[in-house]
Every structure is written in structure tokens, then in C-alpha cells.
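Biologist: I have a fold in front of me and would like to learn how to read it. Could you take me through it step by step?

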Amino acid sequence: MLFFILFYNLNVENFIFQSFVYVNIVCYVNGKQKDNNFLDLNMSKCKNFHGGYFFKKFVGTPKGNIVATERIVNWEKIAQSSKEWENLSIDVLKKIIQESHFPLPLDQDVKGFVIRALESHPFRMSATHWIQGRWDDAVIGLQILQKLFVNCPIYIGCDSSDSSFYKKMEKAIAPLDKVFVYRLKAKYPQELDELLYESMVRVSLPAGGKPSDVGYYVLNIEDLLAIHDAVVVGKPYLERMVFLYGNGFTVNFGLKLTMGTPLKKALEPYFSTAEEVRLLEGNALTGEVITEETLVKHETRMVTCLKEDRRRGFLFFLRPGFFVDSFSRTFASWFVPTSRKLDTNLHGEERPCIQCSYCENVCPRSLLPNLMHRYCSHEMEEEALAIGMRKCLDCKLCSYVCPSKIEKNFKAIVEKLDAENDSKQ
Ligand code: SF4
Ligand code: SF4
């Protein structure tokens with residue numbers, strides 16, 4: 001009896017089991033038909049992990065600088081756009097931006113801008129590739145922003161591993177007032193709007209808040225060029241560069257797509273298989289499933305395509321795991337450099353938490369995902385909120401590293417609670 005109590009309460013069976021054979025984080029894009037998707041990227045608080053390195057394990061050599069050619073050639077020039085943009089009034093500048101359809105918050109009370117010039121995903125184009133020979137155009141983009149939003153500071157976050165880009169940026173912005181450049185580690189999820197804002201503006205956001213809640217707007221480095229093109233060249237904002245990633249695509253590269261195009265249909269020619277695939281807007285950890293109705297929009301930067309695999313592996317845990325991704329270094333793939341299989345299968349079952357604390361170690365918000373999960377699964381959401389659940393960024397690192405394959409959806413829980421509270425009022 002004593003043995004049984006120990007065995008059950010301390011989860012010894014689970015611990016032994018997982019320690020020796022089972023800890024197989026895996027390519028975790030769910031074989032259970034859940035809505036969330038896991039895998040990829042690097043570990044926010046773990047040393048020696050970089051996005052590029054981590055991704056390469058799955059899909060070969062990044063080709064982030066390979067892009068399809070111009071698609072729209074016959075665009076109509078925006079009236080009043082001019083090379084002499086400095087002579088244009090603020091009202092005219094606003095009109096040009098509106099006509100270009102570039103989504104600047106012209107009617108909002110803007111306090112500042114944050115420019116994302118770093119990527120942790122190697123299949124998205126680096127800031128260096130975006131700018132190439134267009135430093136002057138990027139600076140004009142910054143100056144137009146400053147003219148439109150007087151006295152607003154602009155913070156630019158560069159990849160700390162690309163010191164040449166940082167130095168060029170430092171030199172380019174030297175004549176500009178209230179433009180600041182920072183070197184940040186391009187480690188997932190650093191490029192999230194919330195973390196970029198907090199890293200550079202150095203003010204904490206309210207729990208669950210976005211930079212736009214406090215008047216800050218996040219733009220990408222390529223947006224500076226789009227602003228320049230609208231005002232100086234008169235080119236409307238009609239296209240978006242979308243990066244294709246995952247083994248469901250024949251190649252991983254950047255593709256220019258027209259805004260408003262049905263995304264799924266546009267990407268079908270690039271599927272590597274006639275079998276079922278899962279298309280995600282965004283990365284494999286947090287991407288949302290693309291449906292027939294999903295259109296290309298400003299936020300569409302990347303699409304992940306994975307082969308669908310719903311098979312339930314027979315005695316999966318007994319295999320050495322040469323092709324399994326494992327955070328815990330339990331599988332053979334840790335010491336044998338093999339490529340990893342990336343599909344939508346969970347490759348195992350959800351099991352009880354073994355209190356390994358991996359999720360705590362990787363959480364960029366220093367939350368306690370294991371405890372929050374326990375609270376939420378016992379209908380104690382208020383207790384989970386009391387220990388900071390609202391601060392969750394929904395980066396999914398805690399799900400990715402979990403050896404027990406416990407899916408955590410704290411943001412969805414918070415949104416549900418808020419909706420319920422709103423309906424009661
Ligand atoms: S608790 Fe939230 S912020 Fe922390 S790792 Fe999990 S998903 Fe990311
Ligand atoms: S929930 Fe956290 S502590 Fe529990 S098994 Fe998963 S990673 Fe380990």
C-alpha cells in the first residue's frame with residue numbers, strides 16, 4: 001500500500017518512464033486535432049540557442065534572401081507624391097499615406113514607434129537583406145514618420161549578431177533627433193511587439209497589454225521602405241512579402257503576394273505533396289490555421305506548411321528517437337546529428353506533469369506555467385490570474401518544452417474569462 005501511495009502521489013512511474021524513454025518534445029503540431037500548433041524557434045531564456053540554428057535542424061539551409069520577383073508592375077502613381085517630399089504639408093503627407101493604403105495610425109494618439117529590425121526565424125528575410133542598398137530610402141521613411149508624428153521617439157531594435165547592420169544603422173540615424181537604435185538578441189520570442197517595446201522603451205506594459213494600448217506602434221524595417229515608396233515614388237502599398245516555411249512547401253522562400261489575395265489558393269502551387277497539409281499563418285508554434293477565407297494582409301509575414309499526420313504511433317516511446325526533437329536530451333537525436341521530422345503529429349500522449357520545471361525555465365515572462373496549468377485544470381482561474389497568467393505572451397515555449405506534452409492556452413483562458421465578465425456587466 002505504501003508503495004502504491006508513493007508510486008501514485010509522487011508520480012514515480014511517470015518520472016522514471018519519462019526520464020528514460022519518453023521525454024520527446026517532438027515535432028509537436030498536434031495529432032489530436034486541437035487548434036494550437038507547436039514547434040520551432042529557440043528558447044527565450046536558454047543560453048546557446050539561436051533561432052537560425054534551431055530551425056535548420058528541421059528544414060535545411062535557410063534561404064531567407066531568395067524572393068520572387070515583382071508581381072504588380074502597372075500600379076497607378078499616387079497624386080501629390082513627390083521627390084521633394086520635404087515641401088509637402090502634413091495634411092498632404094497624410095493623404096498620400098491614406099491613398100497608399102499603408103496602415104499607419106494617422107488618427108490615433110501616437111506616443112512613439114518601435115521598429116523591428118531583427119528576426120529569430122531564418123526563413124524570414126533579415127534586416128540587412130531588406131535594406132540592401134536602400135539606406136537613404138529607409139532614413140527618408142524615418143523622417144516622414146517624424147514629420148507626421150511630431151516629437152514621437154522611434155526605437156529601432158537590431159539583431160545583436162549583425163554588428164555591421166547595427167553600425168550602418170547607427171550612422172544613418174546619427175543626424176536624426178529622437179531616433180534610437182538598440183542591439184537585441186534575436187532569440188524567440190524577442191521579436192514579439194510586447195518584448196520589443198519593453199526592451200527598448202524600458203517601460204513595462206500593463207499585464208496583458210499591447211504597445212498600442214500605451215500609444216506605441218510597431219513597424220517592420222520593410223515598412224520604412226514602403227512609407228518612402230508611397231510618399232516619394234507614389235507607389236501604393238499593394239503587395240506583401242510572405243515567407244514560406246515547412247516541409248509542406250517544395251521550397252522555403254519569400255513570395256510577393258497581392259494584398260487581399262486568398263492565401264491558401266495563392267500558395268497551392270508551392271505544396272510539396274498532394275496529401276493533406278496544414279497551413280499556418282505565422283510560425284509553427286503560434287501560427288493560426290489558414291482557411292479558404294484567409295486573405296493576405298499587412299500582418300501576413302510568414303506561412304508554415306506542414307504535412308498532416310494523425311497516426312498514433314505504436315510503442316512510440318520505445319524507439320531510440322533518432323529523428324525526434326527533444327528539449328530534454330533524452331532521445332538519440334541529441335547525440336546523433338540527424339535532421340528532424342516536422343509534421344503535425346504529437347508523437348505520443350499527454351501525460352501528468354512531472355514538475356521538471358522546463359516550462360518555468362523558458363518562460364520569457366518568468367511565469368509559472370506548470371502551476372497556472374494546474375490551477376486552470378482545477379477551475380481555479382482566479383488563482384492563476386493572481387500569479388500573473390494575464391502577463392502570458394502566448395509564445396508557446398512552455399508547451400514546446402513540456403515532456404508531458406501538456407498544451408497550455410493561458411491567453412485563450414484569459415480572453416474567455418474577460419468575455420464572461422463583460423457579458424455579466
Ligand atoms: S506562460 Fe505564456 S509567456 Fe510563458 S512560456 Fe508559456 S506561453 Fe510563453
Ligand atoms: S508542465 Fe512544466 S513542469 Fe510540468 S511536465 Fe510540463 S514542462 Fe515539466
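Biologist: How many bridges join E5 to strand E9, and in which sense do the two run, parallel or antiparallel?

Modeller: Happy to help, and do keep in mind that this is a predicted model. Strand E9 (residues 302–307) runs parallel to E5, and three bridges join them. Look for phenylalanine 243, which stands opposite methionine 302 in E9.

Biologist: In which sense do E5 and strand E6 pair?

Modeller: Here the pairing is antiparallel, with five bridges between E5 and E6 (residues 254–258). One to find on screen is methionine 241, whose bridge partner in E6 is lysine 256.

Biologist: How should I think about the side chains of a strand?

Modeller: In a regular strand they alternate between the two faces of the sheet.

Biologist: Why is E5 largely enclosed by the rest of the structure?

Modeller: Of the seven residues in E5 (residues 239–245), five are buried, so the strand is largely enclosed.

Biologist: Which residues touch the most other members of the largest nonpolar core?

Modeller: That core has 93 residues, and those touching the most other members include Leu244 and Val303. Helix H9 (residues 221–233) gives the most to this core, six residues in total. Valine 303 is a good one to click on: beyond its sequence neighbours within four places, its contacts include Val242, Leu244, Leu263 and Ile290.

Biologist: And which residues are closest to ligand 1?

Modeller: Cys363, Cys392, Leu393, Cys395 and Cys398 are the closest of the 15 that surround ligand 1. Sorted by class, this shell holds 11 nonpolar and four charged residues, with no polar ones.

Key. Residues numbered from 1 in each chain as written. Chains lettered and ligands numbered in written order. Predicted model: local features only at pLDDT ≥ 70, side-chain atom pairs only at ≥ 80, totals over all residues. Core = buried A, V, L, I, M, F, W, Y, C linked by C-beta atoms within 7 Å. Buried ≥ 20, exposed ≤ 12 C-beta atoms within 10 Å, placed from the backbone. Helix = DSSP H or I, 4+ residues; strand = E, 2+ residues; numbered from the N terminus. Contact = placed C-beta atoms within 7 Å. Near = placed C-beta within 6 Å. Nonpolar A, V, L, I, M, F, W, Y, C, P; charged D, E, K, R; others polar. Pairing = 2+ DSSP bridges.
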